[in-house]
Amino acid sequence: MSKPTKIDEKLCTNSERVKMMDMHPCEPLVVCALFSGQVTLWNYETKSLVNSFEIRDNEGEEMANLIPNRESAILRSNAPPRCVKFIDRLQSFACGADNRKIRILNFNTM
């Protein structure tokens, strides 16, 4: 029987709930959809936040507010993201929310 692996590395951001996360199949990246409306992209090898942004509706128009290389302010959203999924061949990920909108974001151009 093998010994249990001790996990001591942390990537941390504050949120009431994590709705979904996905690991990139080839790159050392993890994307998380948070109840606060934030979507965070982490590099688990460098233990750093690559990008963070809010997804929210602005008077019925979709809006992705990109804030590169730092944590963004947590804002309440009427339609927080419920799911995220990497799309490897497009170097992107998809976000779906309760407002019935799907957003595709390229993580190399963010």
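**Exercise 1. Decide whether Lys-47 is buried, partly exposed or exposed, then place it in the chain and look at its backbone.**

Solution. Start with the surface: Lys-47 has a relative accessible area of 46%, which makes it partly exposed. Keep in mind as you work that this is a predicted model. Next, find the residue along the chain: Lys-47 sits in the loop between β3 (38-43) and β4. Finally, turn to the backbone. Most residues other than glycine have a negative phi. Lys-47, though not a glycine, has a positive phi near 55°.

Now try the same steps on Gln-91. This residue belongs to the loop between β6 and β7. Its phi is near 50°, again a positive value in a residue other than glycine. At 41% relative accessibility, Gln-91 is partly exposed.

**Exercise 2. Work out the overall architecture: how many helices and strands does the chain have, and how much of it is buried?**

Solution. Count the elements first: the chain has zero helices and eight strands. Read in sequence order, that gives the pattern β-β-β-β-β-β-β-β. Then look at burial, where 40% of the 110 residues are buried. The surface comes next: about 7300 Å² of the chain is exposed, and carbon and sulfur atoms supply 49% of that area. Last, check how the chain comes together: of the contacts between residues at least 6 apart in sequence, 36% join residues at least 24 apart.

**Exercise 3. Find the salt bridges and say which parts of the chain they link.**

Solution. A search of the whole structure gives two salt bridges. Some background helps here: side chains of opposite charge can pair when their charged atoms come close.

- Step one: Lys-85 and Asp-22 meet through their side chains, with an N to O distance of 3.8 Å. This pair links distant parts of the chain, since Lys-85 is in strand β6 (residues 81-87) and Asp-22 is in strand β1, 63 residues apart.
- Step two: compare the surroundings of these partners. Lys-85 is partly exposed at 48% relative accessible area, whereas Asp-22 is buried at 13%.
- Step three: Asp-98 and Arg-82 form a salt bridge at 2.7 Å, N to O. Here Asp-98 lies in the loop between β7 (92-97) and β8 (102-106), while Arg-82 is in strand β6, 16 residues apart.
- Step four: check accessibility again. Asp-98 is partly exposed at 46%, and Arg-82 is partly exposed at 31%.

**Exercise 4. Explain why Cys-83 is not in a disulfide.**

Solution. Look for the closest cysteine sulfur: for Cys-83 it belongs to Cys-95, at 7.6 Å. A disulfide needs the two sulfur atoms within 2.5 Å, so the 7.6 Å gap is too far for a bond. The count for the structure is zero disulfides. As for accessibility, Cys-83 is partly exposed at 34%, whereas Cys-26 is exposed at 58%.

**Exercise 5. Describe the surroundings of two buried residues, His-24 and Ser-52.**

Solution. Take His-24 first. This residue is in the loop between β1 (18-23) and β2 (29-34). With a relative accessible area of 6%, His-24 falls under the 20% cut-off and so counts as buried. Its side chain reaches the backbone nitrogen of Glu-27 at 2.9 Å. Leaving aside residues up to four places away in sequence, His-24 touches Leu-29, Phe-86, Asp-88 and Phe-107.

Now take Ser-52, which is in strand β4 (residues 48-58). Ser-52 is buried, with a relative accessible area of 0%. The side chain of Ser-52 makes a polar contact with the side chain of Gln-38 at 2.9 Å. Ser-52 and Thr-40 are twelve residues apart in sequence, and their C-alpha atoms are 4.4 Å apart in space.

**Exercise 6. Say how β7 and β8 pair, and sort the residues of β8 by face.**

Solution. Begin with direction: β7 and β8 pair in the antiparallel sense, over five bridges. One of the partnerships joins Phe-93 to Leu-105 in β8. Then look at the connection: the two strands form a hairpin with four residues between them, and Arg-100 in the turn has a positive phi of about 65°. For the faces, recall that side chains in a regular strand alternate between the two faces of the sheet. In β8, Arg-103 and Leu-105 are on the covered face, while Ile-102, Ile-104 and Asn-106 are on the uncovered one.

Key. Residues numbered from 1 in each chain as written. Predicted model: local features only at pLDDT ≥ 70, side-chain atom pairs only at ≥ 80, totals over all residues. Heavy atoms only, no water. Buried < 20%, exposed > 50% of the residue type's maximum accessible area, 1.4 Å probe, protein only. Polar contact = N/O pair within 3.5 Å; in protein donor to acceptor, adjacent residues only side chain to side chain. Contact = heavy atoms within 4.5 Å. Salt bridge = Lys/Arg side-chain N within 4 Å of Asp/Glu carboxyl O. Areas by Shrake-Rupley, 256 points an atom, 1.4 Å probe, with all protein chains shown as cover. Pairing = 2+ DSSP bridges.
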